[in-house]
Amino acid sequence: MNIDKLIDAVIDREGGYVDHPADRGGATRWGITVAVARAHGWRGDMRHFPRSAAATIYRRLYWDRPRLDAVAARAPLVAAELFDTGVNMGPATAVLFLQRVLNALNRGATDYADLTLDGRIGPATLAAFDAFLRTRRAIGENVLLKAIEALQGARYLTLAEKRPANEAFLYGWLANRVGEPA
């Protein structure tokens, strides 16, 4: 798993400067909102926010902090999907998707105990993930990916239904995010 390649792919997909009137996040560059850039020390115009600063933020907030390296060591495709989902929906939401799917696929807690849905990758989540992969083997990773992507797609649709302005983004979210890990 090469996190630098994942980050480059996200930055390339997110593109340069955007300030879409329907986007509550306001001005972005490389997919980083002005609020996140400010929280990390950027004081300049977002049109000039450096790509290298975006890469640092992606690594720190969306890979290191949620502990996706631990997921990547077990299932690289799942880690890539969680990274991409986390970039667009927040890391805690991506991890909640993983936890929900692990709970739903544990056959009534006979394969491993249900997880507390806390949006954090800790020892219990990793133990459940290990048990799932051990029980379901290689095909399990693909099934897990499908389930995470289903939750992601459903969330995008809900966002557009609850806030009509988000319809401006729905097609792109579905085309470029669901089924397309970084």
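Student: How are the strands of the open sheet ordered, and what is their pairing?

Tutor: The sheet has 3 strands in the order S1-S2-S3, and the pairing is antiparallel. This is a predicted model: local features need pLDDT of at least 70, side-chain atom pairs count only at pLDDT 80 or more, and totals for chains, interfaces and linings use all residues. Residues are numbered from 1 along each chain as its sequence is written, and side-chain values use heavy atoms, with hydrogens and water left out.

Student: What makes S1 and S3 stand at the edges?

Tutor: Strand S1 (17-18) and S3 each have a single partner strand, so one side of each has no neighbour in the sheet. Strands are DSSP runs of E with at least two residues, helices are runs of H or I with at least four, and both are numbered from the N terminus.

Student: How do you know that S2 and S3 pair?

Tutor: Two strands pair if DSSP finds at least two bridges between them. Strand S2 (residues 28-29) is joined to S3 by 2 bridges, so the pairing rule is met. One of the residues involved is Thr28, whose bridge partner in S3 is Thr33.

Student: Let's turn to helix H8. Which of its residues are buried?

Tutor: Phe169, Leu170 and Trp173 are buried in H8. The word buried stands for under 20% relative accessible area, exposed for over 50%, and partly exposed for anything in between (1.4 Å probe, protein chains only).

Student: What shows that the buried residues of H8 line one face of the helix?

Tutor: Looking down the axis of H8, they fall within an arc of 120°, so they line one face. The arc is taken from the directions from the helix axis to the C-beta atoms. Ala168 and Tyr171, on the other side of H8, are exposed. The cover over the buried residues of H8 includes H5 and H7.

Student: Why is Thr85 called buried?

Tutor: Thr85, in helix H5, has 0% relative accessibility, so it counts as buried. Leaving aside residues up to four places away in sequence, Thr85 touches Gly90, Ala94, Phe97 and Gln152; contact means heavy atoms within 4.5 Å.

Student: And why is Gly140 called buried?

Tutor: Gly140 lies in helix H7, and with a relative accessible area of 2% it is buried.

Student: What makes a space a pocket or a cavity?

Tutor: On a 1 Å grid over the protein atoms alone, a cavity is a set of points where a 1.4 Å probe fits but cannot get out, whereas a pocket is an open set with protein on both sides within 12 Å along at least five of seven lines. Lining residues have an atom within 4 Å of a point. The largest pocket holds about 980 Å³, where volume is the space filled by probe spheres set on the points, joined across faces, edges and corners.

Student: Which residues lie nearest the centre of the largest pocket?

Tutor: Among its 29 lining residues, those are Glu14, Asp23, Asn88, Phe169 and Trp173. H8 gives the largest share of the lining, 5 residues.

Student: How many cavities of 30 Å³ or more does the search find, and what lines the largest cavity?

Tutor: The search of the whole structure finds 1. Its lining consists of Tyr62, Pro66, Leu68, Leu82, Gly86, Pro91, Ala94 and Val95. By class, that makes 7 nonpolar, 1 polar and no charged residues. Ala, Val, Leu, Ile, Met, Phe, Trp, Tyr, Cys and Pro count as nonpolar, Asp, Glu, Lys and Arg as charged, and the others, Gly among them, as polar.
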